[in-house]
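Here are a few exercises to work through with the model open beside you. Try each task before you read its solution.

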Amino acid sequence: MLNRQYYLEQLEKNLALAHAKKAHFILIHLQLSYPANVRNKIGVVGRDALIAEAGRQLEEAAEKDSLISLYSSNVFTLLAPSLDNTHQDTVKHAHELAHKL
């Protein structure tokens, strides 16, 4: 899992590549949310374990060349290249990937 700063650097490089080569990428923003009673019950240590497990599962489910970052305390971001040639195919691919995650 990438740290936020490195992820942002890679995002900038990939955006430049996408612009220069008309490449398509998929950007997914995942925010974990849980009710206050769960937060209170599991505490900070439990929350950290939950975040770590969510990150591990994201890495397992994501495609091989995906970049995944814990962007903030409960937000993950994923950047994946799309092998699809058209905007429509990339959107379809993004929906399939999001559903998988």
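**Exercise 1. Work out how many helices and strands the protein has, and in what order they run.**

Solution. Start with the count: this predicted model has 3 helices and 3 strands. Next, walk along the chain from the N terminus, and you read off α-β-α-β-β-α. Now for the overall dimensions: along the principal axes, the C-alpha atoms fill a box of roughly 50 × 25 × 20 Å. Last, look at how the chain comes back on itself. Take the contacts between residues at least 6 apart in sequence; 62% of these join residues at least 24 apart.

**Exercise 2. Find the residues of the largest nonpolar core and say which elements give two or more of them.**

Solution. First, how much is buried? Of the 101 residues, 28% count as buried. Then pick out the core: it has 11 residues, namely Ile26, Ile28, Ile51, Ala54, Leu58, Ala62, Ile68, Phe76, Leu78, Ala80 and Leu97. Sort them by element, and β1 (24-31), α2 (36-61) and β3 (75-82) turn up as the ones giving two or more residues. That fits a general habit: in soluble globular proteins, nonpolar side chains tend to be buried together. To finish, zoom in on Ile28. Skip residues up to four places away in sequence, and Ile28 touches Phe76, Thr77, Leu78, Ala94, Leu97, Ala98 and Leu101.

**Exercise 3. Decide whether Ser66 is buried or exposed, then list what surrounds it.**

Solution. Locate Ser66 first: it sits in the loop between α2 and β2 (67-72). The cut-off for buried is under 20% relative accessible area. Ser66 has 15% relative accessibility, so it counts as buried. Now check its side chain, which reaches the backbone oxygen of Glu63 at 3.1 Å. Finally, set aside neighbours within four places in sequence, and Ser66 is in contact with Leu78, Leu79 and Ala80.

**Exercise 4. Describe the largest pocket: its volume, its lining and the classes of residue in that lining.**

Solution. Begin with the volume, about 170 Å³. Then go round the wall: Leu30, Gln31, Leu32, Ala54, Gln57, Leu58, Ala61, Phe76, Lys100 and Leu101 line the pocket. The elements giving two or more of these lining residues are β1 and α2, and α2 supplies the largest share, with 4 residues. Sorted by class, the lining comes to 7 nonpolar, 2 polar and 1 charged residues. As a last step, compare this lining with the core from Exercise 2: Ala54, Leu58 and Phe76 appear in both lists.

Key. Residues are numbered from 1 along each chain as its sequence is written. This is a predicted model: local features need pLDDT of at least 70, side-chain atom pairs count only at pLDDT 80 or more; totals for chains, interfaces and linings use all residues. Side-chain values use heavy atoms; hydrogens and water are left out. A nonpolar core is a set of buried Ala, Val, Leu, Ile, Met, Phe, Trp, Tyr and Cys residues joined through side-chain atoms within 4.5 Å. Buried means under 20% relative accessible area, exposed over 50%, partly exposed in between (1.4 Å probe, protein chains only). Contact means heavy atoms within 4.5 Å. A polar contact is a pair of N or O atoms within 3.5 Å; within protein, one must be able to donate a hydrogen and the other to accept it, and residues adjacent in sequence count only if both atoms are side-chain atoms. On a 1 Å grid over the protein atoms alone, a cavity is a set of points where a 1.4 Å probe fits but cannot get out, and a pocket is an open set with protein on both sides within 12 Å along at least five of seven lines; lining residues have an atom within 4 Å of a point. Grid points are joined across faces, edges and corners, and a volume is the space filled by probe spheres set on the points. Ala, Val, Leu, Ile, Met, Phe, Trp, Tyr, Cys and Pro count as nonpolar, Asp, Glu, Lys and Arg as charged, and the others, Gly among them, as polar.
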